[in-house]
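Colleague: I should be grateful for a close look at a single part of this model, followed by whatever context helps to place it.

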Amino acid sequence: MRQKKSKALASKPLGAVFSLSGFIVALVVGWIVFPNLLYSKKAQPLNFSHAAHRSEECESCHSLRADGTYSGIPGISRCRECHESAQGNSREEASLISDYVEKNREVVWKVYGRQPDNVYFSHAPHKGRGLECTRCHRDVSKEEKLPAYRQNLITGYSLSTMKMVECEKCHASKGASNNCEICHK
Amino acid sequence: MNFGRRAFIQAAGGAIGGILVSPLPWQLAADSAKWSQNWSWRPSPERGEITRAAGVCTMCEGGCAVQVRLVNGNRAISIEGNPANPLSEGGICPLGASGLQFLYAPYRIAQPMKQTGRRGDISGLKPISWEEALGELGKKLGRMRAEGKSRELAGIISNSASSMSDLWLQFFTSYGSSNLFRMPSAADGLRLAAQLTTGKASPFAFGLGNAEYILSFGSNLFEGRGVASLVFAALRQWTREGKRSVKLVQVESRCSMTAARADRFVAVEPGTEAALAMGIAHVMVRRGCYDVDFVKDKVFGFEDWSDNTGKKRRGFKNLVSSAPYTPEEVAKVTGLEAAKIEELAEEFASRQKALAIWAIGQADNVNGAYHHLAFAALNALKGNLKPNGLVSLAPAVPLAGLPPVQKDPGADESAGPPGLDVVRSGSAPYRRYGFYEFLDDVREGSKCSVEMLLVHEANPLYSIPENKLFEQALEKVPTLVSFSSYMDETAAKADLILPDHTAFERYVDVVGIPCAPFSYYALGAPVMKPLLDTRHTGEVLLRLAGSIGAPVRASMPWKSYEEYLRFRVQGIAQSRKGAIADKPDVPIIKLSSAQSVQPNYSSGEELWKKLKSGCCWYDAPSPVAGFETASGKFELACRSIGAEGALGDDKLYLPHFAPAELSGSESEYPLLLVAYKPSYTTVGYLPTPSFMNKLIPDKVLQGGDILIELHPQTAAELKFAHGQRVFLKTTQGGAAVRVNISEAARPGVVYMPQGLGHWAYDLYVRGKGANANSLMEVHLDPVGLMGTLLPCRAQLRSEERGNL
Amino acid sequence: MSEGRHAQGGVRFGMVIDLDKCTGCGACSVACQAENNISFRPDESNKLRSITWMSIFELNNGGHYPDYKYAFLPRPCMHCDSPGHAPCTFVCPVNATTRDENNGIVTMVYPRCIGCRYCIVACPYHARSFNWWDPKWPEPMESMLSPEVSTRMRGVVEKCTFCHHRLLAVRSKAYKDGTDPDKATYTTACADACPAKAIVFGNLLDPQSEAARLSKDPNAFQILKKLNTKPKVYYISAHDWIRKLSDNAVA
C-alpha cells in the first residue's frame, strides 16, 4: 500500500510531463496542423501583382458604380485597356494575353472576401467613414504575388470570409443597426 | 518508465486542455453550423453588374415597351416595363414578365433538326447543320418552283402585324404562291366589317381613351393579351382622377373577369350579343334617338334602297323595326327582360361619347360577318364614325413598302396543277380570310394539293379551334417545315425544323396595335447573344430567296434582317409623320384625328436610333372620312356582299342576327359549350409559362384535371357535385373534366378554359387538363369565309369513378 | 429583436392596393416571382404547396348569377406593425424572421430558419410559404436567377420582403451619393409591374408620399384589422361588399 503510494507520488512529475506533452501536442495540432488541414490552398488562375500597378489609383479598378454597387474585381475589358498587347515578357503576361485578352474570356478569380449568397454587403456605407480598406482586406499595396486562396473544407467559404460576429461587433460599436435585414438578403 | 494506461490518461487530459485553448473545437462547431446551413446544390446566381436593355415585347400584339435586366451584360434575368413608354408607363402583363422563361425554356429547339423516322416520332428528329437544313429546303423549294409547283407551297404565320409578316408575304408572292395564311383572329372580323361598310381594308379601331360610356359586346378587355397595352392605358386614363370616369357595360353570357370588373354586367344567352345589338338599334330607331344628321348624310341603306338592277331593297330601318327585333322578341332570344333592353338602349342612346365595342381583347372570332355589322351599325347610329369620332379605322404605319415583285419568266402561271388561289378566285371577294376553307380544301385533297407547308410562330395543331382540321390537312401534306423556337405540337410533327431565335435574341418590330385608333411602331434589337444554334427566320428567308432564283432574290434585296428593318423605318422618316414618344406623359391614348403630331426627329438615322433605344413612334388617328364604298357612304346595306350576283333575301345585305345552325341534336346534347380565354393561360404560339402556372386557380385546374364551370342549378339538375369527374362530349370530341359549380356560369352552359391540355413541350406545360379547341366546332362565315367560333352543343355524363 | 431595443425610425414602408383598379391580371405576382427567384414546380395546382409571395385571391359578393360579382385581392405580406412584434416574428424560436424597426419591413434569414412553421400558423394572412422540396430549376432556367436575392432551400419558410433588396440598393446609392439613406425611397417589383397602376408603395409616415395619402382615403381599409396586427398594406374599394369582406377570413 505504502509502496504503491510512493510509486504514485514518484509518477507525479512524470504525469505532469505526460500532461504537458499532450497539451503541447494538442496546441500544435489545434493551432497549426488543424488550420492547415481545414483550409485547402488553391492558386489563382493567374498572378496579379498589385505592386506593379502601383501607378494606378485603387479606384481606377475597384470603385463604386453609379448605382452604388461595388465593381469588385475588374473584368477583362478593363485589363485590355492597357494589356491589348503584352506589357512585358513574363509567363503570366503571355498567359493573360493569349488565354484571356485575345479570347475575350474573363479571368475566373477566386474572390478572397466572397460572402455567402444570403449575405448582403455594400461597400458604399463603409467606404470613407473612417474605415480603411485594410480594416477588412489585406494590404495589397506592395504585394507582388497573389496569396493562395484558402477554402474551408467544411463550409466551402474562403478563409477571409467575414464572420457575422465581426460585422455585428463593429456595427454595435459604431452605433449602426444590427437588424438582420441590414446584411441578409 | 513505461507509457501505461495512467500515462495515456494524463496525456489525453493534457491534450484535451490543449485542444480547448486552441481554435479547433470552436472552429469545428462554427463550421459545422455553417455547413448545416449550406445546401451546396442550391443554385448560386452569378453576381455582377446589373444593367437594363430596352426592347419591345412581341409575346402578343400589344407592343409593350419593355426592359430586360441583364447581369454582366450577357445574362438576362427579368423583364420589366419601360417607364418611358406612354402606353405602358412601366406596366407589364404576366406573360411579358414571364418572357425569359421562353428564352431559357427547356423545350427550346437547340439546332436545326430533320425527321429521319416516321412523322411525329420525336426520337426520329435528328440534329443537322444549318448548311444541310438550308441546302435541303432551298433545293426543294427550287425544284418545286422549276416544276411549276410554286402554288403548292403554303404557309401559316402568326397573326401579329410585323415586318416579318410582310417579308413572308413578299417571299410567297415572289415565289409564286398566294397560299400564305395568318392564324385566325378576332381582328379578321373587324377588318371584314370595316371593309364591307367603309370600303377600306383596315379593321375598326376604338377610341377607348375618349369614350365615356362603353357598351362591350363580349369583348374580354381585362383578360389580357392582344390589346392589354391599349386597355390598361385606357383604364389608367379612366381612373386618372381617382374614380372611374367611364361606365363600362359588359354584354356576354359568362361573368368573365371583364364582366365582373365592369360597372354593369348584362347577361345574355351565349352567342346572342348581336341580337341584343339589333334590339338596341330597334329602340333607338323607334324613338328616333340616333344621330339623324350623320345617318341621313353619311349612311347608305338606312332607308330602303334600290340595287343595280333597280330592284327595291329593304333598308336597315325597315329591317330593325320588324318583328324579330322588338324588345319582346329579342328578350326571348337573349334571355334578358324586354324592359332591360329598352333601358339599356335608352342609356346607350342618351349618353354622350357612348361607344359600342366588340371583338377586341382576348377573343376568338365568335361573331359572323352579320354580327360584326350589327355592332358597327350601333356605332353608325351614334354617329361614332364621324371624323374625330370614337370609331375609326386602324391607321397604316408609313413604313417603306417592299419592292414590287418581279415576275419570273420561267414560272409560267398557267403551267402545272391549279393552286388554291386559282380554285377559289372568283368565289368570294374576301378570300383572304379563308384559313379554314384552305384547311378544308387540303384535307379533302380534291381541289388542290400542298407539297410543302411552312409554319412560323404558330402552333395550329394545338391552338386553332377545331384543331383536328389541321391534323387531317397535315396528313395530305408531304413536307412540313417548322420555324418554331420551341418543340410545340406542330413542330413535333415537322419533317424539317429551322428554329428561330426567341424574342430578345433578334430584331423584332411591332406595326400597329390591334383596335388602337392611333398609329404605333416599336422596334427591338437583340439584347443578348443567341443562346443556341438558332437563326432569325427573317435572315433564313433572305438567304433562301437568294438561292431560289433571280426574281425572288431581286424582290428581297437585303443582306440582313437589320438592314431590312432599317429600310422600312426610312419610310416613316420620309413620310415626316408622327413623332417619337420618349416620355410617359405623351397623351397617346387620348389622341384623336383632330390633333396633329409634329415630328420630333430630324433624320431617318435619328429615328432608327431612338427606336432602338426603346422609344416608340406614334401618330394621331386618321379620320374615317371618305368612305370608299360604291355609295361613297357608310354602308349599312353592304352592296359589295352582292357584288357577284344579287342576293335573294334583302336582309343578306344588312346587319342582322343570324343564329347558327348547331350540329347535333338538342336531345342528345342538351347543353351549350363555350370556350373562354382566361387571363392566366396563353392560347397561341407560346404555351403558358411556369410563372403563370401559379396564377391558374385551383377551381380551373387540379393536378392533371381541368374543371369546367357549371351553374349550381344546372349541376343540381344533372346531380353533379363540386369536383365530380364527368365526361364532356360535343359532336367534335370529348374530354374527361371535373365540375366547378360556379355562379359565374349561365344555367345550361358549360364553360371551358382554353390554353390547357398541351401534349408537347415539357413536364411544366403538358398533361394539364384538356384542350378546348378539340371540342369546339368552327362555322364558315358565308360572307367572309372566316372561321367563326360559336357555342356548340354539348352533353355531360357522370363518369363511373364518381367523386374525388 | 424588436422589443423596443431599436427606436422606431421615421420610415414605415407600406402599400396601398386599389381593388377597383385591379383587374386580377397577375402581373404583380409574376413580376414578384421573377424578381425574387421564387421556385416553381411542374404542378402548381395545389395551392397549399405552391409558393407565392404575392397571391391573387378572388373575392365575391355571394350573389347569384347574373348578380354575381367578384373582384381580385392581391395579397403580399402585410408587414404587420403591431407593437413589439408581428404575429410571425413573435413565434419564431430562432429569430429567423424579424422586423426592422427602422422601416417596418419583416424579412427572413433563410439559413437560420429551422422549418418549424410556427410563423405559417401564426400569420392570419396566409402570406408565408414553406419549401416542401428543394427548389429546382429546369436546365437552363437557373440562368434567370437574380443575384440580388438568395435562393432558398428545402425546409425553410419564405414570404414577401417588400423587395427589401431594392431598399438596400437605394440606400447603397444614397451612401455613395452622399444623400440621407434614411430618406431613400423605392418601389417594389409588383408596384412597378402593375399595368393598371393599382399598387402604390411608399413611406406611410411621409405625408408627401402617395401611399400615405391613399392610406387615408375614406375608402381605404385593412384586412382583419380587428386582430390588431396593424397591417401596412391598405386596400381601397368604393364597393361596400368588398370593404365588408375585409373583416372576414378572406385570405
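How many residues does the contact take from chain B, how many does it take from chain C, and which elements of chain B supply the side that touches chain C?

Modeller: The model is predicted, and the description that follows should be read accordingly. Chain B contributes 61 residues to the contact and chain C contributes 53 residues. On the side of chain B that touches chain C, at least two residues each come from strand 3 (75-81), helix 3 (94-97), helix 4 (100-103), helix 8 (228-238), helix 9 (257-261), strand 11 (264-267), helix 25 (690-693) and strand 26 (701-702) of chain B. Strand 3 of chain B gives the largest share of this side, namely five residues. Sorted by class, the side of chain B that touches chain C holds 32 nonpolar, 16 polar and 13 charged residues.

Helix 8 of chain B, one of the elements just listed, also contains B:L235. B:L235 counts as buried because 27 other C-beta atoms lie within 10 Å, where the cut-off is 20 or more. Along the chain, B:L235 and B:Y676 are 441 residues apart, and their C-alpha atoms are separated by 22 Å.

Helix 21 of chain B offers another view of buried residues. This helix comprises 12 residues (residues 537-548); at 1.5 Å a residue it should span 16 Å, and its end C-alpha atoms are indeed 16 Å apart, so the two values agree. Its buried residues are B:T537, B:G538, B:V540, B:L541, B:L542, B:L544, B:A545 and B:I548. Within chain B, the buried residues of helix 21 pack against helix 5 (130-146), helix 6 (163-175), strand 17 (452-456), helix 22 (550-555) and helix 23 (561-575).

Chain A may be added for context. It has five helices and two strands, which follow one another along the sequence as α-β-α-α-β-α-α. The radius of gyration of chain A is 25 Å, whereas a compact globule of 185 residues would have one near 16 Å. The C-alpha trace of chain A spans about 85 × 45 × 30 Å along its principal axes. Of the 185 residues in chain A, 11% are buried. Among the contacts in chain A with a separation of 6 or more, 72% are between residues 24 or more positions apart.

Technical notes:
Residues are numbered from 1 along each chain as its sequence is written. Chains are lettered from A and ligands numbered from 1 in the order in which they are written. This is a predicted model: local features need pLDDT of at least 70, side-chain atom pairs count only at pLDDT 80 or more; totals for chains, interfaces and linings use all residues. Helices (H or I, at least four residues) and strands (E, at least two) are DSSP runs, numbered from the N terminus. The expected span of a helix is 1.5 Å times one less than its number of residues. A residue is buried if 20 or more other C-beta atoms lie within 10 Å of its own, exposed if 12 or fewer, and partly exposed in between; C-beta atoms are placed from the backbone. Two residues are in contact if their C-beta atoms, placed from the backbone, lie within 7 Å. The radius of gyration is taken over C-alpha atoms; the globule rule is 2.2 Å times the number of residues to the power 0.38. Ala, Val, Leu, Ile, Met, Phe, Trp, Tyr, Cys and Pro count as nonpolar, Asp, Glu, Lys and Arg as charged, and the others, Gly among them, as polar.
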